[in-house]
Amino acid sequence: MWRAGVTLAGSNAATPTDRASDDGMLYAAELIDWPLGSAELVTLSACETAQGGRSTIEGLRGLPSALAAAGAKRSLLALWPVDDAGAAAFMARFYETLATGATYEAAFRATKRAAIAGEIPEAKSPSLWLAFVLIGN
């Protein structure tokens with residue numbers, strides 16, 4: 001769980017001495033302890049946030065399993081590297097659709113359909129909209 005994580009803004013200024021320090025990284029091992037039981041959705045639209053290492057004992061390890069263990073009801077993550085502008089446009093449309101009262105699943109489907117139809121120009125490439133997965137826990 002120390003291999004999976006995200007780099008936080010401002011991490012270039014950090015001078016880590018060990019994993020317990022504030023090194024600008026948020027690791028899956030640290031996320032497990034977060035109280036996310038009331039979180040309906042955790043979105044990490046950064047590159048490869050849905051990736052995890054495979055283990056015969058633990059199954060898939062990484063951010064998805066850490067979020068589930070922390071209690072998040074669902075997570076929206078990316079399977080591979082995504083373009084910043086495309087990811088931002090995709091997420092903006094997702095949250096706009098969600099704000100209309102759609103369920104998480106319906107908003108996600110509608111956003112993918114809009115991207116496929118070319119209604120989100122920055123996200124029309126299949127390599128972008130296919131990258132995002134909505135994981136229910």
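# Notebook: helix H3 and the salt bridges

I started just past H3, where glycine 101 follows the helix with a positive phi, near 105°. Helices here are DSSP runs of H or I with at least four residues, strands are E runs of at least two, and both are numbered from the N terminus.

A note to self on the ground rules. This is a predicted model, with local features needing pLDDT of at least 70 and side-chain atom pairs counting only at pLDDT 80 or more, while totals for chains, interfaces and linings use all residues. Residues are numbered from 1 along each chain as its sequence is written, and side-chain values use heavy atoms, with hydrogens and water left out.

**Entry: H3 itself.** I looked up the length of H3: it has 16 residues and reaches 22 Å from first C-alpha to last, close to the 22 Å expected at 1.5 Å a residue. The expected span is 1.5 Å times one less than the number of residues. At the start of the helix, I found a side-chain oxygen of aspartate 83 within 3.2 Å of the backbone nitrogen of alanine 85.

Next I asked which residues of H3 are buried. They are Gly86, Ala87, Ala89, Phe90, Met91, Phe94, Thr97 and Leu98. Buried means under 20% relative accessible area, exposed means over 50%, and partly exposed lies in between (1.4 Å probe, protein chains only). What covers these buried residues includes S3, S6, H4, H5 and strand S7 (132-136).

**Entry: counting salt bridges.** I took a salt bridge as a side-chain nitrogen of Lys or Arg within 4 Å of a carboxyl oxygen of Asp or Glu. By this rule I get 4 salt bridges.

One of them involves H3: glutamate 119 and arginine 93 meet at 3.5 Å, N to O. Arginine 93 is in helix H3 (residues 84-99), glutamate 119 is in the loop between H4 and helix H5 (126-129), and the two are 26 residues apart. Glutamate 119 counts as partly exposed because its relative accessibility is 48%. Arginine 93 is also partly exposed, at 24%.

**Entry: arginine 74.** Which residues share a salt-bridge network with Arg74? I found Glu40, Lys73 and Glu105 linked with it.

Glutamate 40 pairs with arginine 74, the closest N and O atoms being 3.3 Å apart. That pair joins distant parts of the chain, 34 residues apart: glutamate 40 sits in the loop between helix H1 (28-31) and strand S3 (42-44), arginine 74 in strand S6 (residues 74-78). The backbone oxygen of glutamate 40 also lies 3.0 Å from a polar atom of the arginine 74 side chain.

Arginine 74 and glutamate 105 form another salt bridge, at 3.5 Å, N to O. Here the partners are 31 residues apart, with glutamate 105 in helix H4 (residues 104-116).

Is arginine 74 buried or exposed? It is buried, because its relative accessibility is 15%. Both glutamate partners differ in class: glutamate 40 is partly exposed at 35%, and glutamate 105 is partly exposed at 34%.

Last, I listed what arginine 74 touches, leaving out residues up to four places away in sequence. With contact meaning heavy atoms within 4.5 Å, the list includes Leu41, Val42, Tyr104, Leu134, Ile135, Gly136 and Asn137. Glu40 and Glu105 are on that list too.

Technical notes. Polar contact = N/O pair within 3.5 Å; in protein donor to acceptor, adjacent residues only side chain to side chain.
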